[in-house]
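Hi,

Here is the structure I said I would pass on. Have a look at it first, and then read my notes underneath.

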Amino acid sequence: MIILEKPVINREMIDAAIYSLENEFPLFGESVAKFEEEFAKFCNVDHAVSTASGTDALLFSLLALGVKMPVTTPCSYIATANVAHLAGGKALFADIDSTNNIDPEKIAKTRKFDAVLPVHLHGYPAKMDDIMEIAEKNNVPVIEDACQAHGAIYRGKRAGSIGHVGCFSFNPVKNMTVCSQGGMAVTNDEKLAKKIRMLADSGRESIYSHEHRIIGYSSRLSSAAAAIGRVQLKYLDGWNEKRREAAGEYAGMLDKRILPPLETKEIKPVYNKFAIKISKRNETKEYLLNNNVQCDAHYPIPIHMQEPYKKQKLEFRNAEKFSKTTLSIPMHPEITKKEIKEVSALLADLDIVFGIS
Ligand SMILES: Cc1ncc(COP(=O)(O)O)c(C=O)c1O
């Protein structure tokens with residue numbers, strides 16, 4: 001079986017977790033503070049606050065900023081939109097463009113949004129310059145959902161460091177993981193970081209205080225998870241380079257018309273997924289699975305068509321087409337050239353028609 005995705009877990013990470021379990025307090029250990037410090041440095045920002053998940057990092061960012069109606073993409077993991085509702089508001093949607101991310105022109109036509117929540121889907125950065133310009137014009141913050149884009153670069157900046165706050169997930173299908181749930185919010189805004197930290201810690205002023213200033217949640221990253229995260233972070237750039245190399249191999253072998261957006265001079269994607277566009281998606285998926293190649297669609301149902309959202313009867317042409325045609329094929333840092341060749345050969349045998357372009 002050629003597998004779709006897998007976390008890299010080596011002896012060094014296991015030893016780091018064991019060391020933490022044997023030597024640190026399970027929460028608020030030194031590993032947590034160090035992981036936050038190192039992750040902030042990696043993103044080139046002043047502050048990083050760890051949470052128990054990417055969803056929580058997003059939720060606390062919205063709550064801390066007082067955001068109720070962010071405009072976001074219908075093509076993401078559903079948590080991106082759910083957080084607006086969990087924060088007591090409602091997600092608004094704008095259609096996607098050829099990057100498979102939110103289309104800035106469609107954001108500009110949206111009414112009554114109080115924040116922009118772009119997602120760097122599959123590790124390919126959204127058009128952040130245009131997004132920041134629109135947000136500035138409308139005087140609203142930008143919350144980057146970088147849960148699939150650890151280390152991606154957009155015009156010299158790390159994904160997640162461009163908006164007012166960037167949110168990451170460390171669950172096991174991300175470019176780096178803490179081998180369980182985990183998340184991080186990064187920002188240059190000290191006050192915002194402090195508020196997010198309080199929200200993650202029952203509204204406490206600090207861990208040594210018994211004063212709870214706001215209503216908060218219980219969402220802490222464990223010391224052992226942070227210890228694993230620190231080791232993973234050391235390898236992240238190297239792993240992302242391997243993903244880009246694998247993407248280059250695929251690009252050389254597959255029909256150009258089915259390829260996802262690729263690396264440019266200004267954009268270094270991190271290929272959390274390598275998602276081809278293929279009209280007979282369901283048949284292709286079955287065919288690959290029957291040939292021992294794992295694959296899946298991310299995501300086959302756009303968020304506005306999922307049960308909690310569909311009553312609004314929204315329509316987004318590009319998003320709907322994307323959801324019908326997208327198929328993620330094996331991609332991870334340890335995939336071999338032989339495996340890429342095998343998958344590409346299977347795909348070359350298919351009668352391929354385009355998806356959106
Ligand atoms: C784009 C996106 N947003 C949000 C999330 C939520 O992250 P988590 O699973 O850590 O809550 C994920 C991950 O599943 C994601 O891919």
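Below is what turned up, starting with the ligand and moving on to a small sheet and two backbone oddities.

One caveat before the rest: this is a predicted model, and everything here was computed from it.

**The ligand site**

Where does the ligand sit? The space taken by the ligand is the second largest pocket. There are 17 residues around the ligand, and the ones that come nearest are Gly54, Thr55, Asp145, Ser169 and Lys174. Sorted by class, that shell has nine polar, six nonpolar and two charged residues.

Two helices are worth colouring in your viewer. Helix 3 (54-65) and helix 4 (79-86) each give at least two residues to the shell around the ligand. Helix 3 supplies the largest share, three residues.

Now for the polar contacts. A polar backbone atom of Gly54 is 2.8 Å from an oxygen atom of the ligand. Lys174 uses its side chain instead: a polar atom there lies 2.8 Å from an oxygen atom of the ligand. With Thr80, a polar side-chain atom lies 3.4 Å from a nitrogen atom of the ligand. As for how much of the ligand is covered, on its own it has 390 Å² of accessible area, and the protein covers 95% of that.

**A small sheet**

You will also find an open sheet of three strands, in the order 7-6-10, with antiparallel pairing. Its edge strands are strand 7 (157-158) and strand 10 (267-268), each of which pairs on one side only. Strand 6 (residues 153-154) and strand 7 run antiparallel and are joined by two bridges. If you want to find the pairing on screen, look for Tyr154, whose bridge partner in strand 7 is Lys157.

**Two backbone oddities**

As background, most peptide bonds are trans, and most residues other than glycine have a negative phi. Two spots here go the other way.

Which residues does the cis peptide bond join? They are His298 and Tyr299, with omega at about 15 degrees. Tyr299 lies in the loop between helix 9 (281-290) and helix 10 (317-325).

The other spot is Lys112, a residue other than glycine with a positive phi, near 65 degrees. Lys112 is in a loop too, the one between helix 5 (104-108) and strand 4 (115-117).

That's the lot from me.

Cheers

Note on methods:
Residues numbered from 1 in each chain as written. Predicted model: local features only at pLDDT ≥ 70, side-chain atom pairs only at ≥ 80, totals over all residues. Heavy atoms only, no water. Pairing = 2+ DSSP bridges. Helix = DSSP H or I, 4+ residues; strand = E, 2+ residues; numbered from the N terminus. Near = heavy atom within 4 Å. Polar contact = N/O pair within 3.5 Å; in protein donor to acceptor, adjacent residues only side chain to side chain. Areas by Shrake-Rupley, 256 points an atom, 1.4 Å probe, with all protein chains shown as cover. 1 Å grid on protein atoms, 1.4 Å probe; cavity = no way out; pocket = protein on both sides within 12 Å on 5 of 7 lines; lining within 4 Å. Sits in = over half its atoms within 2 Å of the grid points. Nonpolar A, V, L, I, M, F, W, Y, C, P; charged D, E, K, R; others polar.
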